[in-house]
Amino acid sequence: MRPNLLDPLFVPITSFTGIGPKIAALIAKALGRESADDTRAVDLLLLPPHRLIDRRNQPGVAYSPEHAIVTLKLHVDRHQPSPRGKGNVPYRVFAHDETGDIALTFFHARQSWLERSLPVGETVLVSGKVDWFNGRASMVHPDRMALAEDIDNFPLVEPVYPLTAGLSPKLLQRAVDSAVAALPDLPEWLNEAFLVQNGLPDFAAAVRGLHAPRDEHDMNPNAPARRRLAYDELLAGQLSLALVRQRIRKLQGRPVKGDGSVREKLLEALPFQLTESQREAIADILKDMQSPNRMLRLLQGDVGSGKTAVALFAMAACAEVGGQSVLMAPTEILAQQHFATIEPLARQAGVRVDILTGRTKAKERQAILSRIESGETKMIVGTHALFQESVNYHDLLLAVVDEQHRFGVHQRLRLTAKGAAPHMLVTTATPIPRTLVLSAFGDMDVSRLTEKPAGRLPIKTVTLELERIGDIVRRLKDAISKGKKAYWICPLVEESELSELMSAEQRHAYLAAEFGALVDVVHGRMSSADKDRAMQDFKTGKTRILVATTVIEVGVDVPDASIMVIEHAERFGLAQLHQLRGRVGRGSEASSCILLYKGPLSETARARLSIMRESEDGFRIAEEDLKLRGEGELLGTRQSGAPGFRLVDLEAHRDLLETARNDARYILEMDGELASERGQALRMLLYLWRRDEAIKLLRAG
Ligand code: ADP
Ligand code: MG
């Protein structure tokens, strides 16, 4: 239950004067909230202005530059109302200061209001833009007017908030003011010493400061008010992730301590030697799983580094103790591929593997479900279907979630909610920089595969203008005649799956004219049976060129494919290009990647392509990507709908993130239920930043 103290901040914004349902909907949109109902005062309270208007320039009438914003202190001389019945003639108010005269000009203004605002004989303050015409100064509709004695209510620096079309800045400002006025006296959730040491204000002062910047310095992410709120935001995030983690850990993790028998047989069955970093990762994982705490580990490894094998050994340890494990892939194709890799190996080690996806036929499904329920099947590969209601595990010990960056935190929670409390291993090929791991996943343990399997050769990457497609076709002919295989990736088409598909089919037709039946195509609209067949034919070598949309982006493995052509490479992001390129260079043969682009290139596109030419290092590419595109995109949080930050700027607040993580950990170590006085205050923090989902975990645990 939300503490009553916070009630004033959780009133719907429609309860503010002047805000009806329509305006509320616009504000909700400007704030990125789902609906007007769900938009509360607190959301306005923590909305940072993104720039400011500076009205401090007070040059006097005669020295006011054309169209610049100035504030003038004027003596009001006389009013000249619009003539009766001639509303289109403006109402003018003549005024002066010691430097000169000015006409304040109003269209369709109410006389009574103007007489009150600008009384003849009084000194007033007005602010706005000055126009000069034939040596005369005028100001049309001043932005602000006040009697000189009200100067305290005349902010010379004004915050400006992000707007949506149709929403007036004044209205939004008024709504923000109402929210700030509603701010109750809240207990402090941060450490007093920490605040003093870092020169940070208390929450109320920070909120007021946020909305009343005095100058540009106050807009800096590291201005005290912003820094305080950014820390709050980070702490709320870290605390909620830590709560999730605490809960995952608390659920009676079952120590898994196999005798190594299955792993031994696997080692014999494997056609290769594990790399040193694969062995290390497996050791990390087994160590985690042997402890009574639940494992929550991220396995990072560049494309082609061999994450599947690592996962397989963890799964094998579960089979050794008679338990089950699942491997969840983000797509049908990938699930099929994992199954094809794992099943023969596991079979040789005497372990039964099944596959379960949304496409599994009803009859087969029944059989598989009952094998899962009886515990006969020890390893299950699949898609989201693995976590549907109808699936009952006999004894689920481990869940491996492949290519995590496609999944959001929500899915992870759902997966955990599946009754059982499996150890969790999350794999990702996106080499996420540490700051991002922290902010998105919280304090997760990380294993990294830092080396590629032995014998891999570097991939030669070139960029070429699309016009030269004829050259590529000739080179391909030569390569194919030498028995090579190539992927041909069709362009990403904004917003339209249909046109993406069309471009793939067109390219298929174009290449088929040259290569006949050696070319095939795979795209998202094909039935999964057709996709499988296409992938299979390419794998076996029946076809040699596979035209594809980005459906093959993640994880597909055909080790002897050695050429990657990416059409309209300028439309892809760096991470995606790197992923795609990682489909080749997996065998012992030298590989190449041809990035076809259509000019003229934008600055960013040019930078992306040249990074691709220069580097194959996933970490370097991820760092560059972060610089070029910002963190949301890199993590794929757009797809998963995870909320971005409001005040946090990961560049500027990197140091705070580390502190917030430690703080969150310490807090929960001392007070796991957030029951102490500070704990109660911290619960408020979670509500303020809309992280209260995590609070539910407290009692449910
Ligand atoms: P990713 O990390 O991208 O998921 P995969 O697990 O799909 O990579 O492995 C890529 C390829 O490398 C597969 O063909 C796999 O069989 C092979 N592989 C994995 N580990 C090794 C190894 N230690 N030595 C040689 N090849 C390996
Ligand atoms: Mg993989």
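Thr543, in this predicted model, is in contact with Ala517, Leu518, Asp520, Asp537 and Phe538 once its neighbours within four places in sequence are left aside. The residue belongs to the loop that runs between helix 17 (528–540) and strand 20 (545–548). Its relative accessibility is 5%, and because buried means under 20%, Thr543 counts as buried.

His578 provides a second buried site, this one found in helix 18. The relative accessibility of His578 is 5%, so this residue counts as buried. Not counting residues up to four places away in sequence, His578 touches Asp302, Val303, Met612, Glu616, Gly618 and Ile621. The helix that carries His578 is itself mostly covered, with seven of its eight residues buried. Those buried residues are Leu574, Gln576, Leu577, His578, Gln579, Leu580 and Arg581.

**Helix packing**

Two packed helices are described by the angle between their axes and the distance between the axes. The table sets out two such pairs.

| Helix pair | Axes come within | Crossing angle |
|---|---|---|
| Helix 18 (residues 574–581) and helix 19 (residues 603–614) | 10 Å | roughly 35° |
| Helix 8 (residues 261–269) and helix 11 (residues 332–348) | 8 Å | roughly 115° |

Helix 18 passes helix 19 in a right-handed crossing. On the side of helix 18, the residues that meet helix 19 are Leu574, Leu577, His578 and Arg581; on the side of helix 19, they are Arg608, Leu609, Ile611 and Met612. By class, this contact of helix 18 with helix 19 has five nonpolar, one polar and two charged residues. An α-helix has 3.6 residues a turn, so residues three or four places apart point the same way. His578 takes part in this contact, and Met612 is among the residues that His578 touches.

The crossing of helix 8 and helix 11 is likewise right-handed. Here Lys265, Leu266 and Ala269 in helix 8 meet Leu345, Ala346 and Gln348 in helix 11. Sorted by class, the contact of helix 8 with helix 11 has four nonpolar, one polar and one charged residues.

**A seven-stranded sheet**

Strands of a sheet pair through backbone hydrogen bonds, either parallel or antiparallel. The protein contains an open sheet of seven strands in the order 6-7-4-3-2-5-8, and the pairing is mixed. Strand 6 (131–133) and strand 8 (144–147) stand at the edges; each has a single partner strand, so one side of each is left without a neighbour in the sheet. On average, neighbouring strands of this sheet are turned by 40° against each other, direction ignored.

Within the sheet, strand 4 (residues 100–106) and strand 7 (residues 136–140) run parallel and are joined by four bridges. Thr105 stands opposite Val140 in strand 7.

**The protein as a whole**

In total, the protein has 25 helices and 22 strands. Of its 701 residues, 53% count as buried; Thr543 and His578 are among the buried ones. The protein exposes about 31,600 Å², of which carbon and sulfur atoms supply 50%. Among contacts between residues at least 6 apart in sequence, 75% join residues at least 24 apart.

Conventions
Residues numbered from 1 in each chain as written. Chains lettered and ligands numbered in written order. Predicted model: local features only at pLDDT ≥ 70, side-chain atom pairs only at ≥ 80, totals over all residues. Heavy atoms only, no water. Axes fitted to C-alpha atoms, helices over the stretch in contact; angles between N-to-C directions. Helix = DSSP H or I, 4+ residues; strand = E, 2+ residues; numbered from the N terminus. Left-handed = near helix turned anticlockwise from the far one by under 90°. Contact = heavy atoms within 4.5 Å. Nonpolar A, V, L, I, M, F, W, Y, C, P; charged D, E, K, R; others polar. Pairing = 2+ DSSP bridges. Buried < 20%, exposed > 50% of the residue type's maximum accessible area, 1.4 Å probe, protein only. Areas by Shrake-Rupley, 256 points an atom, 1.4 Å probe, with all protein chains shown as cover.
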